[in-house]
Amino acid sequence: MNTTDFDAIVIGGGAAGLSAAQALGRSLRRTLVIDAGAPRNRFATHMHNVLGLDGTPPLELLDRGRAEASDYGVEFLAANVVTVRDAGDTLVVEALPHGAGAPAEGDPAPVAMAITARALIVATGVSDRLPDIPGLADGWGRTVLHCPYCHGWEVRGGRLGVLATSPASLHQVKLIRQWSDTVTVFAAGLGGLDDGTERALAARGMRVERDPVATVAPGSAGELLVTTSGGASHSIDAIFTAGSLRPHDGFLSELGLERTESPFGSFITVDVTGRTSHPRVWAAGNVVAPMATVPMAMGAGAGAGGAANYALVEEDFALAGAASESASA
Ligand SMILES: Cc1cc2nc3c(=O)[nH]c(=O)nc-3n(C[C@H](O)[C@H](O)[C@H](O)COP(=O)(O)OP(=O)(O)OC[C@H]3O[C@@H](n4cnc5c(N)ncnc54)[C@H](O)[C@@H]3O)c2cc1C
């Protein structure tokens, strides 16, 4: 890195961040992507429902995205951003670079690098917290799934399960029926079903298991064995569930950005261009839109990159106008 002053810094190098970086690089903006390198879909071998790239490994898309952005002059730093501070005309981003290694006992804590930019795009994604059931996380992204649009086709017609985590899971329960006639609902998390719903599930041929799930384990032929607290065992091919989502935005706390409460949790508020309540900060992708899939994250990132560039265009005109006025005064 030749300079620590950038036009724009993109925090997060997933689908949203790389799309924003590409838009900024192609706008001739000095742009840095700071990325911790752990995209949300890294557990899956292939991604689907991504037009033109269906079946591509998720990490291959990001390799391609980094190469394309690099061709437009975008720079990269493998690091974790720990704080962002407002310094008036710029934002100061503090990041702990990777590869420094853990300090030996008694050594001082690693020092964060400070990098400045006039615009910031936050595209740091979310973490999925799965229900705390032994064995469940082991199959995440392969036999333990959350999104039928991403992976439903691959398990269509199979013996599917839906592990409800709250009354809101009824939506997922009904949805999964579209992909198979053989669906077992692990219903303890639904908290009781009214007669009408119970009748509707039975009418659609869905089996309801009321006891809580105790363990999930792989069987010898690649299937999943789901055991309940009552001792029942169900052999299925894949199970859908919904974890709770945690946006990676704690490093922005000093900016005091406005937030919106939603059924999925508390997320930073953005307008249609991705702009937050801070005029120099945009956010895109899962960090502000938890339901966004890869193409949605790419679209939001490209939009936020363009919006940030236009805000800098306006600032460049305002600064030039002010400079010319004071020169002629
Ligand atoms: C198992 C699984 C399978 C999926 N399959 C599909 C699919 O088939 N098709 C589809 O369209 N969608 C799929 N998705 C959804 C997809 O993962 C998201 O839509 C997509 O990753 C969102 O992109 P993003 O750029 O917002 O976030 P991410 O891809 O999660 O990227 C965020 C990046 O920011 C980095 N970061 C976080 N915090 C910091 C920090 N403090 N400093 C620096 N960097 C940081 C992370 O390490 C990461 O590299 C799947 C999701 C899961 C969980």
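**Close-up 1. Gly-73 sits just after helix α2.** In this predicted model, Gly-73 takes a positive phi of about 90 degrees. The helix that comes before Gly-73 is the subject of the next view.

**Close-up 2. Helix α2 covers residues 58-71.** With 14 residues at 1.5 Å a residue, α2 should span 20 Å, and its end C-alpha atoms lie 21 Å apart, which agrees. Which residues of α2 are buried? They are Pro-58, Leu-61, Leu-62, Gly-65 and Ala-69. Looking down the axis of α2, you will find these buried residues within an arc of 95 degrees, so they line one face of the helix. Their packing partners are α1 (15-25), β3 (75-86) and α6 (294-328).

**Close-up 3. Strands β11 and β12 form a hairpin.** Here β11 (residues 213-218) runs antiparallel to β12 (residues 224-228), and five bridges join the two strands. To find your way along the pair, start from Ala-217, whose bridge partner in β12 is Leu-225. Five residues lie between the strands, and in the turn Gly-222 has a positive phi of about 85 degrees.

**Close-up 4. The ligand has 39 residues around it.** Among these residues, Asp-35, Ala-38, Asn-286, Ala-292 and Val-294 come nearest. Where does the backbone meet the ligand? At Ala-38, a polar backbone atom is 2.8 Å from an oxygen atom of the ligand. At Ala-16, a backbone N or O atom lies 2.9 Å from a ligand oxygen atom. At Ala-36, a backbone N or O atom lies 3.0 Å from a nitrogen atom of the ligand.

Definitions and conventions. Residues numbered from 1 in each chain as written. Predicted model: local features only at pLDDT ≥ 70, side-chain atom pairs only at ≥ 80, totals over all residues. Heavy atoms only, no water. Helix = DSSP H or I, 4+ residues; strand = E, 2+ residues; numbered from the N terminus. Expected span 1.5 Å × (residues − 1). Buried < 20%, exposed > 50% of the residue type's maximum accessible area, 1.4 Å probe, protein only. Arc of directions from axis to C-beta. Contact = heavy atoms within 4.5 Å. Pairing = 2+ DSSP bridges. Near = heavy atom within 4 Å. Polar contact = N/O pair within 3.5 Å; in protein donor to acceptor, adjacent residues only side chain to side chain.
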